[in-house]
Amino acid sequence: MADETSTHPKRESIKSSVGSIAGQRRREKAVMVGKQRRELLMRTKRLCRVGVSSDSANVDADDDMMMDEEQSILEDQTLKAVQELKNAVSYQGKGAMQKRVSALRELRRLLSKSEYPPVEVALTAGAMSTLVQCLSFGSPDEQLLEAAWCLTNIAAGKPEETKALSPALPLLIAHMGEKSSLPVAEQCAWALGNVAGEGEELRNILLSQGALQPLARMIQPNKGSTVRTAAWALSNLIKGPESKAATELIRIDGVLDAILRHLKKGDEDLATELAWVVVYLTALSNVATNTLAKSDLVQILVERLASSHSLQLLIPLLRSLGNLVAGDSHVTSHILVPGNEITVNAIQAMIKCLESEHRVLKKESSWVLSNIAAGSIEHKKMIHSSEVVSLLVRLLSTAPFDIRKEVAYVLGNLCVAPAEGSGRPTLITEHLTSLVGKGCLGGFVDLVRSIDTEAARVGLQFIELVLRGMPKGEGVKLVEAEDGIDAMERFQFHENEELRTMANELVDVYFGVNYGLDS
């Protein structure tokens with residue numbers, strides 16, 4: 001059966017050129033988002049320092065966590081705790097269950113005490129096989145909870161430490177079943193989320209062992225903490241780069257309704273975790289994108305973008321909206337229709353983010369706008385006539401480089417009609433003249449001077465529009481006044497053939513074949 005999504009090209013090939021639709025840009029965004037989540041304090045793997053249960057009799061949330069305790073002391077204590085756990089597991093006399101739970105709790109306490117727990121010491125001492133024994137069917141919840149907690153923090157360690165959980169994975173998945181208590185199921189989901197966050201190999205193992213279905217079931221009730229943990233684990237499990245898991249997830253009964261309900265009514269922490277699930281669904285699976293695009297999701301995303309001030313929530317909301325606009329024409333042709341209230345609200349939400357002090361919001365909202373601006377003539381006119389244009393022009397000159405590059409796509413796409421075939425895009429002269437009049441040309445020339453080939457390509461494309469499209473041949477003088485000739489001539493012997501050809505042709509055609517060779 002053919003793959004239901006497109007391939008995952010590298011960044012150079014997925015960015016839209018000026019005038020073409022950015023339908024593939026979302027894919028590479030998904031591949032890179034794991035790193036970006038860590039940069040945004042959305043850690044891929046999470047240490048469990050406080051238990052998932054509110055029952056203090058079951059989970060002892062220690063008050064004496066000492067971040068600065070000597071590592072050697074902590075390691076010695078861990079060695080002792082592992083040995084005591086082994087003894088407790090082999091003990092069959094009176095009070096055996098409580099003895100095991102006490103030993104597990106002590107090991108868990110040590111693995112939760114420091115930001116960098118002594119996982120290596122615990123594994124070297126043989127903790128894993130004993131912890132797997134403690135997950136056996138029929139064990140009391142208190143024992144299962146403590147064992148799963150220990151495994152959660154081991155899985156939060158280094159790659160080889162996370163991989164050491166392999167023998168425990170089938171039991172952790174099994175204990176997320178419907179007959180398990182919520183605290184046990186949630187702690188197991190947390191452990192599996194850490195495993196899935198390690199990489200594609202472990203994600204594939206989890207998927208082959210059936211982790212997707214129970215996690216999908218766990219996000220469906222209105223159980224805040226459990227849903228948050230399960231959603232976070234799901235976002236790690238489906239993050240790709242293959243699309244199969246994302247497609248399977250959206251097809252599970254109840255998942256779509258749960259996503260929409262929690263995004264609409266959940267608190268900001270819960271909505272944040274669900275929004276990251278949507279990011280991966282819309283980035284990787286065309287089936288999921290089409291399903292979500294035809295639901296109420298866009299309306300919900302726009303509403304939460306307008307009302308929230310949480311950076312952690314706004315980022316995945318923006319990414320999800322951008323993915324939907326880039327990935328399904330239904331969004332722009334039937335939902336974000338110029339003149340509709342939802343469309344006006346969406347543009348206002350983008351303005352809010354562009355005016356934010358947070359760099360990442362400026363970049364993400366510019367990316368969303370670039371996808372809308374790559375749409376129909378009506379969408380281009382809508383953006384061009386809004387107050388967002390002045391903000392974009394200013395950002396093109398003053399923002400950090402990565403933001404300026406995204407802004408350049410928005411402004412460039414406003415100046416050309418949707419591309420037909422492989423020929424040069426048709427100009428929207430009114431928009432071009434207006435934007436150049438607002439002073440954006442210098443920003444594009446600066447991009448041409450950058451070492452980033454993608455940014456330089458966008459800059460050269462806009463210069464071509466100016467040279468070709470400004471009335472009365474004014475483009476030549478305008479480009480020369482911004483030192484555009486000098487910027488283009490740096491490509492005369494450039495190693496990138498595409499940029500070299502593009503720049504040399506512009507200089508030859510508009511400034512004379514021999515321009516600059518005699519100086």
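Me: Buried means under 20% relative accessible area. Is leucine 85 buried or exposed?

Reply: This is a predicted model, so read each value as computed from that model. Leucine 85 has a relative accessible area of 0%. The cut-off is under 20%, so leucine 85 is buried.

Me: In which helix is leucine 85 found?

Reply: Leucine 85 belongs to helix α3, which covers residues 71-90.

Me: With which residues is leucine 85 in contact, leaving aside its neighbours within four places in sequence?

Reply: There are seven names to find: Arg100, Ala103, Leu104, Leu107, Thr130, Leu131 and Cys134. Take threonine 130 as a case. Along the chain, leucine 85 and threonine 130 are 45 residues apart. In space, their C-alpha atoms are separated by 7.5 Å.

Me: Glutamine 83 is also found in helix α3. Is glutamine 83 buried or partly exposed?

Reply: Glutamine 83 has a relative accessible area of 42%, so it is partly exposed. Now look for glycine 126. The two residues are 43 apart along the chain, and their C-alpha atoms are separated by 8.6 Å.

Me: What about the whole chain? How many helices and strands are there in the protein chain?

Reply: The protein chain has 31 helices and 0 strands. Of its 519 residues, 56% are buried. Now take the contacts between residues at least 6 apart in sequence. Of these contacts, 73% join residues at least 24 apart.

Me: How are two packed helices described?

Reply: You give two values: the angle between the axes, and the distance between the axes. Try helix α15 (residues 255-265) and helix α16 (residues 268-284). They pack at about 135 degrees, with their axes 8 Å apart. The two helices are therefore oblique to each other. The crossing of α15 past α16 is left-handed.

Me: Which residues of α15 and α16 meet?

Reply: From α15 come Ile259, His262 and Leu263. They meet Leu270, Ala271, Leu274, Ala275, Val277, Val278 and Leu281 of α16. Sort this contact by class, and you get 9 nonpolar, 1 polar and no charged residues.

Me: At what angle do helix α6 and helix α7 pack?

Reply: Helix α6 (residues 127-134) and helix α7 (residues 141-155) pack at about 145 degrees. Their axes are 9 Å apart. This crossing, too, has a hand: α6 passes α7 in a left-handed way. On the α6 side, the contact uses Met128, Leu131 and Cys134. On the α7 side, it uses Gln143, Leu144, Ala147, Cys150, Leu151 and Ile154. By class, the residues of the contact of α6 with α7 are 8 nonpolar, 1 polar and no charged. Leu131 and Cys134 should ring a bell: both are in contact with leucine 85.

Me: Now the rings. How is a pair of aromatic rings described?

Reply: Use the distance of the centres and the angle of the planes. A search of the whole structure gives 2 aromatic pairs. In one of them, tryptophan 276 and tyrosine 280 have ring centres 6.5 Å apart and planes at 35 degrees, so the pair is tilted. Both residues lie in helix α16, 4 residues apart, which is about one turn of the helix. Both are buried.

Me: How far apart are the ring centres of phenylalanine 444 and phenylalanine 462?

Reply: The centres of phenylalanine 444 and phenylalanine 462 are 3.8 Å apart. Their planes are at 10 degrees, so this pair is stacked. The pair links distant parts of the chain, 18 residues apart. Phenylalanine 444 sits in helix α27 (residues 441-448), and phenylalanine 462 in helix α28 (residues 453-469). Each of the two phenylalanines is buried.

Me: Now the backbone. Which residues does a cis peptide bond join?

Reply: Look at glycine 240 and proline 241. A cis peptide bond joins them, with omega about 15 degrees. Proline 241 lies in the loop between α13 (224-237) and α14 (244-251).

Me: What is phi of lysine 472?

Reply: It is near 60 degrees, a positive value in a residue other than glycine. Lysine 472 lies in the loop between α28 and α29 (474-481). Its relative accessible area is 83%, so lysine 472 is exposed.

Me: And what is phi of aspartate 483?

Reply: Aspartate 483 has a positive phi of about 60 degrees, although it is not a glycine. You will find aspartate 483 in the loop between α29 and α30 (484-489). With a relative accessible area of 46%, aspartate 483 is partly exposed.

Note on methods:
Residues numbered from 1 in each chain as written. Predicted model: local features only at pLDDT ≥ 70, side-chain atom pairs only at ≥ 80, totals over all residues. Heavy atoms only, no water. Buried < 20%, exposed > 50% of the residue type's maximum accessible area, 1.4 Å probe, protein only. Contact = heavy atoms within 4.5 Å. Axes fitted to C-alpha atoms, helices over the stretch in contact; angles between N-to-C directions. Parallel < 35°, antiparallel > 145°, perpendicular 65-115°, else oblique. Left-handed = near helix turned anticlockwise from the far one by under 90°. Nonpolar A, V, L, I, M, F, W, Y, C, P; charged D, E, K, R; others polar. Phe/Tyr/Trp six-rings, centres within 6.5 Å; stacked < 30°, edge-to-face > 60°.
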